[in-house]
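Hi,

Here is the structure I promised to pass on. Have a look at it first, and my notes follow below.

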Amino acid sequence: MPRDCLFCRIIDGEEMSEIVHTDDDVVVIKDKFPLAPVHLLVLTREHIPSAHDLTDEHDELVAACLAAARLVAEEHGTADGYRIATNIGPKGGQAIPHLHFHVLGGRQLGRIDDAGDMS
């Protein structure tokens with residue numbers, strides 16, 4: 001795992017973060033800069049730069065990410081409505097080049113407009 005990757009260091013326990021779920025494939029943490037009352041990040045244990053880098057061999061990993069997202073949405077009381085999103089590359093809003101999925105909920109979510117507002 002790249003030592004310069006913040007998410008790899010969190011997964012390895014070298015950086016502090018509020019972990020809400022772990023399993024063999026993923027680690028789920030609370031986002032430090034939440035955009036909604038529930039804002040969790042599903043991190044893949046395997047370092048993959050973004051969803052653009054996924055191949056057919058990652059099908060089970062993607063399924064594990066979505067299963068973890070469903071589980072933590074239920075555990076955080078937002079199973080009645082939430083958003084799962086991933087960003088790809090800096091132009092797509094990806095700040096950390098490690099595949100992760102945002103789970104956002106806990107309030108009425110609006111549409112995502114061109115300015116990136118996820119209100």
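When I say two residues are in contact, I mean that they have heavy atoms within 4.5 Å of each other. Keep in mind that this is a predicted model.

With that in hand, take Leu40. Not counting neighbours within four places in sequence, Leu40 is in contact with Val20, Val28, Ile29, Lys30, Asp31, Val72, His76, Phe101, His102 and Val103. Leu40 also stands opposite Val103 in β5, and β3 and β5 pair in the antiparallel sense over six bridges.

Now the sheet as a whole. It is open, with five strands in the order β1-β2-β3-β5-β4 and antiparallel pairing. The edges are β1 (19-22) and β4, each pairing on one side only. From one strand to the next, the twist averages 20°. Packed on the sheet is α2, which touches β1, β2, β3, β4 and β5 and runs at about 155° to the direction of β3.

What about the inside? Nonpolar side chains tend to be buried together in soluble globular proteins. Here the largest nonpolar core has 15 residues, and Val26, Val28, Leu40, Val42 and Val103 have the most contacts inside it. At least two residues each come from β2 (26-30), β3 (38-44), α2 (59-75) and β5 (100-105), with α2 giving the largest share, six residues. Another core, of 10 residues, lies apart from that one and includes Cys8, Ile29, Leu41 and Leu43.

One last residue: is Arg83, in strand β4 (residues 82-85), buried or exposed? Arg83 counts as buried because its relative accessibility is 17%, and the cut-off is under 20%. Its side chain reaches the backbone oxygen of Gly110 at 2.4 Å.

Cheers

Terms used:
Residues numbered from 1 in each chain as written. Predicted model: local features only at pLDDT ≥ 70, side-chain atom pairs only at ≥ 80, totals over all residues. Heavy atoms only, no water. Core = buried A, V, L, I, M, F, W, Y, C linked by side-chain atoms within 4.5 Å. Buried < 20%, exposed > 50% of the residue type's maximum accessible area, 1.4 Å probe, protein only. Helix = DSSP H or I, 4+ residues; strand = E, 2+ residues; numbered from the N terminus. Polar contact = N/O pair within 3.5 Å; in protein donor to acceptor, adjacent residues only side chain to side chain. Pairing = 2+ DSSP bridges. Axes fitted to C-alpha atoms, helices over the stretch in contact; angles between N-to-C directions.
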